[in-house]
Amino acid sequence: MILITGGTGYIGSHTAVKLLDQNEDIIILDNLYNSRAEVIDSIEAITGIRPKFYQIDLLDINGLEQIFKENKIDCVIHFAGLKAVGESVAQPLKYFNNNITGTINLLMIMQKYNCKKIIFSSSATVYGTTQEMPLTENSPLGVTNPYGRTKLVIEEMLRDLYASDNEFAVVLLRYFNPIGAHKSRLIGENPNGIPNNLMPYICKVAKGELTHLNVFGNDYDTVDGTGVRDYIHVEDLADGHVKSINKVKNNSGLFTYNLGTGNGYSVLQVVSAFEKANNIKISYKITTRRAGDVATVYADTNKAEEELGFKAQYNINEMCRDSWNYASKH
Ligand SMILES: NC(=O)c1ccc[n+]([C@@H]2O[C@H](COP(=O)([O-])OP(=O)(O)OC[C@H]3O[C@@H](n4cnc5c(N)ncnc54)[C@H](O)[C@@H]3O)[C@@H](O)[C@H]2O)c1
């Protein structure tokens, strides 16, 4: 039985669907802070299977323990966490408490119930800022904000835990920029308010909810001066988790993988791909650079390909199409 923390969230829900499609038994835990209980209905509508769902906060260690008492959990995929960089700068303690304390609770209960397999949602943000591209898993680590610090601290905690007990199987997955949605249009990313990320922002402009996209700087050393990032379809990302599950089933060890496509696209290239894929014009204005942004970030994906057999399948046009397919319906 696989426990998915944060399983009603954006990436968790897509992973839940993929695991059910592969006949895995799953349980979902989420406190619904950033998602809705109806996601369970959507997962059932897509797969025909209704996963067991616990509305529990990771900070509630007794509630968490109850799940392990009632079920034989062999493996955990740990998505649950807060992820807004700007908010983490304003409220670091909220992030440290939720993400780090929540993870400590989870690991203590896992250890108590002899569950030693965990796949953790890390982020390319752990690589810090001044780097040679592409980023390999051995590129130097460093963080620039409290959100990133929680990811790095949790990675380090998991390294220490593995060092203390080599029976653990730990996979650290460093995601690049997930976009897109399931083809059913039933699950996807639907942030409230003004989005922090490019694609949800573009979708709100396409819907007429925002007048234009702000492009933060067009004087970077890139193809058109705007920032370049490695966008990956959330379905590909979900597939990376299925492959990681197969890895931890048969191996103990500590494994770290980048999950990206290995290709970078600039903001204006994404805008143009979105316009072509969906036949919608996106207004944008160039503004000043945003503090902390770097020109270019993209992944070296060789390790994930060689060791997990993971290779992203979707291209940028398909990502733009699927993002809008979902956003236009919600
Ligand atoms: N989306 C991205 O761009 C991105 C990039 C890199 C890493 N990540 C990481 O991947 C994970 C999943 O991201 P997502 O985009 O699906 O985010 P999301 O907000 O859609 O999903 C996270 C889920 O965790 C739940 N949650 C948060 N704190 C909790 C707690 N204390 N107890 C129980 N549930 C809790 C939320 O309600 C939400 O449903 C996060 O850890 C995030 O930091 C995301």
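**Figure 1. Tyr326 in helix H11.** In this predicted model, Tyr326 is a residue of helix H11. Its relative accessible area is 7%, and because buried means under 20%, Tyr326 is classed as buried. Leaving aside residues up to four places away in sequence, Tyr326 touches Ala181, Arg185, Leu186, Ile187, Gly188, Glu189 and Asn190. Along the chain, Tyr326 and Leu58 are 268 residues apart, and 29 Å separates their C-alpha atoms.

**Figure 2. Asp322 and its contacts.** Helix H11, which covers residues 316–327, also holds Asp322. Asp322 counts as buried because its relative accessibility is 5%. A polar contact of 2.8 Å joins the side chain of Asp322 to the side chain of Arg321. When residues up to four places away in sequence are not counted, Asp322 touches Gly180, Ala181, His233 and Tyr314. Ala181 thus appears among the residues touched by Asp322 and among those touched by Tyr326. As general background, an α-helix has 3.6 residues a turn, so residues three or four places apart point the same way.

**Figure 3. Helix H7 and its cover.** Helix H7 runs over residues 198–207 and is mostly covered, with 9 of its 10 residues buried. These buried residues are Leu198, Met199, Pro200, Tyr201, Ile202, Cys203, Lys204, Val205 and Ala206. Their cover includes three strands, namely E7 (177–179), E8 (213–216) and E10 (231–233), together with the helices H9 (267–278) and H11. Immediately after H7 comes Gly208, whose phi is positive, at about 85°.

**Figure 4. Helix H8, its length and its burial.** Helix H8 comprises the 17 residues 234–250. At 1.5 Å a residue, H8 should span 24 Å, and the 25 Å between its end C-alpha atoms agrees with this expectation. H8 is mostly covered, as 13 of its 17 residues are buried.

**Figure 5. The residues around the ligand.** The ligand is surrounded by 28 residues, of which the closest are Asp30, Asn34, Ser35, Lys83 and Tyr147. By class, this shell consists of 13 nonpolar, 11 polar and 4 charged residues. At least two shell residues come from each of helix H1 (10–21), strand E2 (26–30), strand E5 (117–123) and helix H6 (146–164). The most is given by E5, with 3 residues.

**Figure 6. Polar atoms facing the oxygen atoms of the ligand.** Asp30 places a polar side-chain atom 2.6 Å from an oxygen atom of the ligand. For Ser35, an N or O atom of the side chain is 2.7 Å from a ligand oxygen atom. A distance of 2.7 Å likewise separates an N or O atom in the side chain of Lys83 from an oxygen atom of the ligand. The ligand taken alone exposes 820 Å², and the protein buries 96% of that area.

**Figure 7. Two asparagines with positive phi.** Most residues other than glycine have a negative phi, and most peptide bonds are trans. Asn23, although not a glycine, has a positive phi of about 65°. Asn23 is located in the loop between H1 and E2, and is exposed because its relative accessible area is 68%. Asn114 is likewise not a glycine and has a positive phi, of about 60°. The loop that contains Asn114 lies between H5 and E5. With 53% relative accessibility, Asn114 counts as exposed, since exposed means over 50%.

**Figure 8. The cis peptide bond at Pro134.** The peptide bond leading from Met133 to Pro134 is cis, and its omega is near -5°. Pro134 belongs to the loop between E5 and H6. Both of these elements supply at least two residues of the shell around the ligand.

**Figure 9. Gln91 between two helices.** Gln91 occupies the loop between helix H4 (85–90) and helix H5 (92–112). The relative accessible area of Gln91 is 37%, so the residue is partly exposed. Gln91 and Thr8 are 83 residues apart in sequence, and their C-alpha atoms are 24 Å apart in space.

Methods. Residues are numbered from 1 along each chain as its sequence is written. This is a predicted model: local features need pLDDT of at least 70, side-chain atom pairs count only at pLDDT 80 or more; totals for chains, interfaces and linings use all residues. Side-chain values use heavy atoms; hydrogens and water are left out. A residue is near a molecule or strand if one of its heavy atoms lies within 4 Å of it. A polar contact is a pair of N or O atoms within 3.5 Å; within protein, one must be able to donate a hydrogen and the other to accept it, and residues adjacent in sequence count only if both atoms are side-chain atoms. Accessible areas come from the Shrake-Rupley method with a 1.4 Å probe; for residues, only the protein chains shown count as cover. Helices (H or I, at least four residues) and strands (E, at least two) are DSSP runs, numbered from the N terminus. Ala, Val, Leu, Ile, Met, Phe, Trp, Tyr, Cys and Pro count as nonpolar, Asp, Glu, Lys and Arg as charged, and the others, Gly among them, as polar. The expected span of a helix is 1.5 Å times one less than its number of residues. Buried means under 20% relative accessible area, exposed over 50%, partly exposed in between (1.4 Å probe, protein chains only). Contact means heavy atoms within 4.5 Å.
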